[in-house]
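Here is a short tour for the bench. Have the sequence and the 3D view open side by side as you read.

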Amino acid sequence: MATKGGLKASKDSRKSHSSLNEDEEAIANEKEGSLAWKVLHISQVRTLLELNVDQVHLKMADLLNLKDHAVNLQDAAVLDYYVAGLWWAKEQSFTLQQISGFITALSILLENIREKQMSLVDNLKELKKMLVGIGHENPEVTGGLDFFNTDQAKLLTDYITKSLFQHYKLYQYMFSLEQDEMVIGTELSVEVAPPADIPFPPPLDEGMQEAVYLEHVAPPPPPPEKEEEKEAPSGEDEKVFTEEEVEDILEGVTTDELKEVISSVVNEMLGSLSADVGAKLKEREAQYLAKISKMQKIAE
């Protein structure tokens with residue numbers, strides 16, 4: 001008796017084999033030079049049309065091998081380019097063949113920018129070549145999109161113009177520059193609580209206001225250190241001269257020498273006094289000048 005797992009595997013195998021046969025048959029029946037089934041096969045297009053936008057985004061990334069679209073901006077832009085084109089073609093009610101051919105046209109134009117660095121004018125010529133044969137029943141020369149009618153070709157041209165050609169410089173810039181790799185790191189500092197025998201943090205029921213803590217709990221600040229008072233020299237060390245000793249000292253000094261000593265002492269005292277008076281005069285002068293300047297500003 002077959003198990004459920006065996007039945008499911010058998011069904012998946014038959015489905016895959018059927019899709020493969022369908023894809024091969026569609027390719028075999030397609031005429032030479034057609035752009036259909038080049039990028040997306042018929043089974044892949046049918047699967048994509050059954051999905052919503054988010055599912056189409058993931059499925060298309062897998063089919064086009066754009067696995068780094070989540071971190072690589074270039075792959076993300078290319079994936080959006082194809083998903084938007086597929087969804088637009090679905091809204092236009094194109095057939096499976098037309099959708100596949102349209103996706104192939106988008107791929108050719110985009111690869112012309114990425115691989116060949118083709119100019120805008122040259123790429124427009126490539127689109128024009130792909131549109132050759134549209135509107136004719138049995139064209140002798142075809143660009144591969146002759147399964148579109150003229151109205152659909154006009155819609156297709158308008159869409160490619162607005163989605164690709166109007167942003168041509170942007171696509172050229174995207175494919176010519178490599179994306180910078182950014183390594184972002186975050187440092188985290190974790191504070192580990194002390195052992196359980198030390199309450200950390202203190203229980204909330206023991207909390208108190210800061211003023212109460214400072215007044216009743218906090219230890220008082222240490223008193224300031226008193227500077228040692230300098231002891232004034234006592235009068236015991238001062239030497240006292242008697243009148244006789246003073247007379248003996250003055251006997252050996254002439255009048256000129258005495259005048260010279262007195263003059264030097266007076267000059268020294270007056271010199272320091274003159275410097276102090278000059279400094280005070282300059283300070284007072286600066287104050288008066290500041291007041292005058294302030295009064296002039298007020299008057300203006």
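Y213 counts as partly exposed in this predicted model, because its relative accessibility is 38%, which lies between the 20% limit for buried and the 50% limit for exposed. You will find Y213 in helix α9, which covers residues 210-217. On the surface, Y213 joins M208, V212, L214 and V217 in a nonpolar patch. Together these residues have about 460 Å² of accessible area.

Now step back to the whole chain. Its secondary structure comes to 11 helices and 0 strands. Of the 300 residues, 23% count as buried. The accessible surface is about 24,000 Å², and carbon and sulfur atoms hold 55% of that. Among contacts with a separation of 6 or more, 58% are between residues 24 or more positions apart.

What about the interior? In soluble globular proteins, nonpolar side chains tend to be buried together. Here, the largest nonpolar core has 46 residues, and F102, I160 and L164 touch the most other members. Helices α2 (42-49), α3 (53-63), α4 (73-91), α5 (96-114), α6 (120-130), α7 (150-163) and α8 (168-176) each give two or more residues to this core. Which residues does L164 touch, leaving out those up to four places away in sequence? They are Y81, L109, L110, I113 and Y171.

Some polar residues are buried too. N123, in helix α6, is buried, because its relative accessible area is 0%, under the 20% limit. Beyond its neighbours within four places in sequence, N123 is in contact with L109, N112, I113, M118, F165 and Y168. The side chains of N123 and Y168 are joined by a polar contact of 3.1 Å. As for L109, its C-alpha is 6.6 Å from that of N123, although the two are 14 residues apart in sequence.

Helix α7 holds Q152 and also S163. Q152 counts as buried at 16% relative accessibility, and its contacts beyond four places in sequence are F94, Q98 and F147. S163 counts as buried at 18%, and its side chain reaches the backbone oxygen of Y159 at 2.8 Å.

Finally, the charged pairs. How many salt bridges does a search of the whole structure find? There are 4, and the table includes three of them, with the distance between the closest N and O atoms.

| Salt bridge | Closest N and O atoms |
|---|---|
| R46 and E22 | 2.5 Å |
| D146 and K31 | 2.5 Å |
| R114 and E111 | 2.6 Å |

The pair of R46 and E22 links distant parts of the chain: R46 is in helix α2 and E22 in helix α1 (residues 4-29), 24 residues apart. R46 is partly exposed at 32% relative accessibility, and E22 is partly exposed at 25%.

D146 and K31 also link distant parts of the chain, being 115 residues apart. D146 sits in the loop between α6 and α7, and K31 in the loop between α1 and α2. Are these two residues buried or partly exposed? D146 is buried, with a relative accessible area of 14%, whereas K31 is partly exposed, at 44%.

R114 and E111 both lie in helix α5, 3 residues apart, which is about one turn of the helix. R114 is partly exposed, with a relative accessible area of 23%, and E111 is partly exposed at 23% as well.

Note on methods:
Residues numbered from 1 in each chain as written. Predicted model: local features only at pLDDT ≥ 70, side-chain atom pairs only at ≥ 80, totals over all residues. Heavy atoms only, no water. Patch = residues over 30% accessible without salt bridge, like charges linked within 9 Å, V, L, I, M, F, W, Y side chains within 5 Å. Areas by Shrake-Rupley, 256 points an atom, 1.4 Å probe, with all protein chains shown as cover. Salt bridge = Lys/Arg side-chain N within 4 Å of Asp/Glu carboxyl O. Helix = DSSP H or I, 4+ residues; strand = E, 2+ residues; numbered from the N terminus. Buried < 20%, exposed > 50% of the residue type's maximum accessible area, 1.4 Å probe, protein only. Core = buried A, V, L, I, M, F, W, Y, C linked by side-chain atoms within 4.5 Å. Contact = heavy atoms within 4.5 Å. Polar contact = N/O pair within 3.5 Å; in protein donor to acceptor, adjacent residues only side chain to side chain.
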